[in-house]
Amino acid sequence: MSVHVVTGAGPVGTTVALQLAEAGEHVRVLTRSGSGPEHPLVERRRVDVSRSDRLGAALAGAVTVHHCIHASAYAAAAWRAELPAAERTVLEAAGRVGAVVVFPESLYSYGRVTGPMTEETPRDADFGKPAIRAELLGARAASPTPTVSVAASDFFGPHVRGAHGGERLIPTVLAGRTMRVLGSADQPHSWTYVPDLAAAMIRAAATPALHDTFLLAPTAPPLTQRELVAAVAKAGGVPVPKVGVIPAGLLRAIGTVHGATREIAEMSYQFTAAFVLDSSRSERLLGLAPTPVDDAMRATVSWWAEQA
């Protein structure tokens, strides 16, 4: 029996695993804790994927590896220490069993941009966390194991918690409290619905002609953060709350004495100017389109209501 392996059980890994299982595929989820979504076709294993001595047996029979792990902290030092080594281990193990490795990717590697991001826009950031993402893309391209990287903008959707479109946004808006956004409330920004990213990863894995490529997840036209707040309120049937702004300069000032804030401030440029991706070419290659924002937000709000 062929197996689709998913490493990590965050919002992307969970959504990929469930979409595959609901399509009748056998899925093996690997996490250090043995966690993962519950489904009759999902097998959960306790595996540290950064250890090659543990990974061989876990990838037995795999045709695809969806590598969806996170670093232990949102910090360049943690990314540098953990992510490259883990990716090398997974790529080598997948190569031995003949599996393609599919990576969910961010837009960090583009660095600071002045226009819409496409598959052809240079991905050569040379500072902090963005530089690490660019280096990871280079290592994947150099690997003999086939890979696909599917890049998305900031997430929202079911299972998404620790994100700008997650627990900071949805419960705040639904409760009618003032939503304080980062940088600017009125700059266009792309937002990717996680089920659309997962569908793109699965389709790319199943399409050999797309192996060894970089794709953009189908993503709806951009919304300002003010418009995103209004979309949440509409989906939840509540009045649109007040929108405040946390200035990027304030984050930078706090970051001089607080490391976690410094890591957030490094990426604040994504919210102080237009930050837009154009996924039209990848949509054509994948034969997929983004979920309309109203539909995506209704599903997102419904999921949050279930958690409450």
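1. In this predicted model, a natural place to start is the pairing of helix H3, which covers residues 76-97, with helix H4, which covers residues 128-142: their axes come within 10 Å and cross at roughly 10°. Because of that crossing angle, H3 is roughly parallel to H4. On the H3 side the contact is made by Ala-76, Trp-79, Arg-80, Leu-83, Pro-84, Glu-87 and Leu-91, and on the H4 side these meet Gly-128, Lys-129, Ile-132, Arg-133, Glu-135, Leu-136 and Arg-140. By character, the residues of this contact divide into 7 nonpolar, 1 polar and 6 charged.

2. Turning to the chain as a whole, the protein contains 12 helices and 11 strands. Its radius of gyration is 19 Å, close to the 19 Å that the globule rule gives for 308 residues, so the chain is as compact as a globular protein of that length. Taken along the principal axes, the C-alpha atoms fill a box of roughly 55 × 40 × 35 Å. Of the 308 residues, 52% count as buried, and among contacts between residues at least 6 apart in sequence, 73% join residues at least 24 apart.

3. The largest nonpolar core has 26 residues, and those with the most contacts inside it are Val-6, Val-16, Val-27, Val-148, Val-150, Leu-197 and Met-201. Two or more residues of this core are given by each of helix H1 (11-22), strand E2 (27-31), strand E5 (100-105), strand E6 (147-151) and helix H6 (194-205), and the largest share, 7 residues, comes from H6. If its neighbours within four places in sequence are left aside, Leu-197 is in contact with Val-12, Pro-104, Val-150, Ala-152, Phe-155, Thr-192 and Ala-217. A second, separate core of 24 residues includes Met-179, Tyr-193, Val-229 and Leu-251.

4. Thr-15 is placed in helix H1, and with a relative accessible area of 7% this threonine is buried. Leaving aside neighbours within four places in sequence, Thr-15 is in contact with Pro-158, His-159, Val-194, Pro-195 and Ala-198. One of these partners, His-159, has its place in the loop between strand E7 (154-156) and helix H5 (170-174), and with a relative accessible area of 29% His-159 is partly exposed.

5. The backbone deserves a look at two loop positions, and a general expectation helps in reading them: most residues other than glycine have a negative phi. Phi of His-159 is near 75°, a positive value in a residue other than glycine. Asp-212 likewise has a positive phi, of about 60°, although it is not a glycine. Asp-212 is found in the loop between H6 and strand E10 (213-216), where at 53% relative accessibility it counts as exposed.

6. The loop between H7 and strand E11 (243-246) holds Pro-241, which is buried, with a relative accessible area of 10%. Not counting residues up to four places away in sequence, Pro-241 touches Val-173, Gly-176, Arg-177, Val-229 and Ala-233; among these, Val-229 is also included in the second nonpolar core. The C-alpha atoms of Pro-241 and Ala-230 are separated by 8.1 Å, with the two positions 11 residues apart along the chain when counted as a separation in sequence.

7. Val-238 lies in that loop between H7 and E11 as well, and at 25% relative accessibility it counts as partly exposed. Not counting residues up to four places away in sequence, Val-238 touches Val-173, Leu-174 and Ala-233. Val-238 and Val-90 are 148 residues apart in sequence and 45 Å apart in space, C-alpha to C-alpha.

8. Lys-234 has its place in helix H7, residues 225-236, and with a relative accessible area of 57% this lysine is exposed. The C-alpha atoms of Lys-234 and Tyr-269, which are 35 residues apart along the chain, are separated by 28 Å.

Technical notes:
Residues are numbered from 1 along each chain as its sequence is written. This is a predicted model: local features need pLDDT of at least 70, side-chain atom pairs count only at pLDDT 80 or more; totals for chains, interfaces and linings use all residues. Side-chain values use heavy atoms; hydrogens and water are left out. Axes are lines fitted to C-alpha atoms, for helices over the stretch in contact, and angles run from 0 to 180 degrees between N-to-C directions. Helices (H or I, at least four residues) and strands (E, at least two) are DSSP runs, numbered from the N terminus. Angles under 35 degrees count as roughly parallel, over 145 as roughly antiparallel, 65 to 115 as roughly perpendicular and the rest as oblique. Contact means heavy atoms within 4.5 Å. Ala, Val, Leu, Ile, Met, Phe, Trp, Tyr, Cys and Pro count as nonpolar, Asp, Glu, Lys and Arg as charged, and the others, Gly among them, as polar. A nonpolar core is a set of buried Ala, Val, Leu, Ile, Met, Phe, Trp, Tyr and Cys residues joined through side-chain atoms within 4.5 Å. Buried means under 20% relative accessible area, exposed over 50%, partly exposed in between (1.4 Å probe, protein chains only). The radius of gyration is taken over C-alpha atoms; the globule rule is 2.2 Å times the number of residues to the power 0.38.
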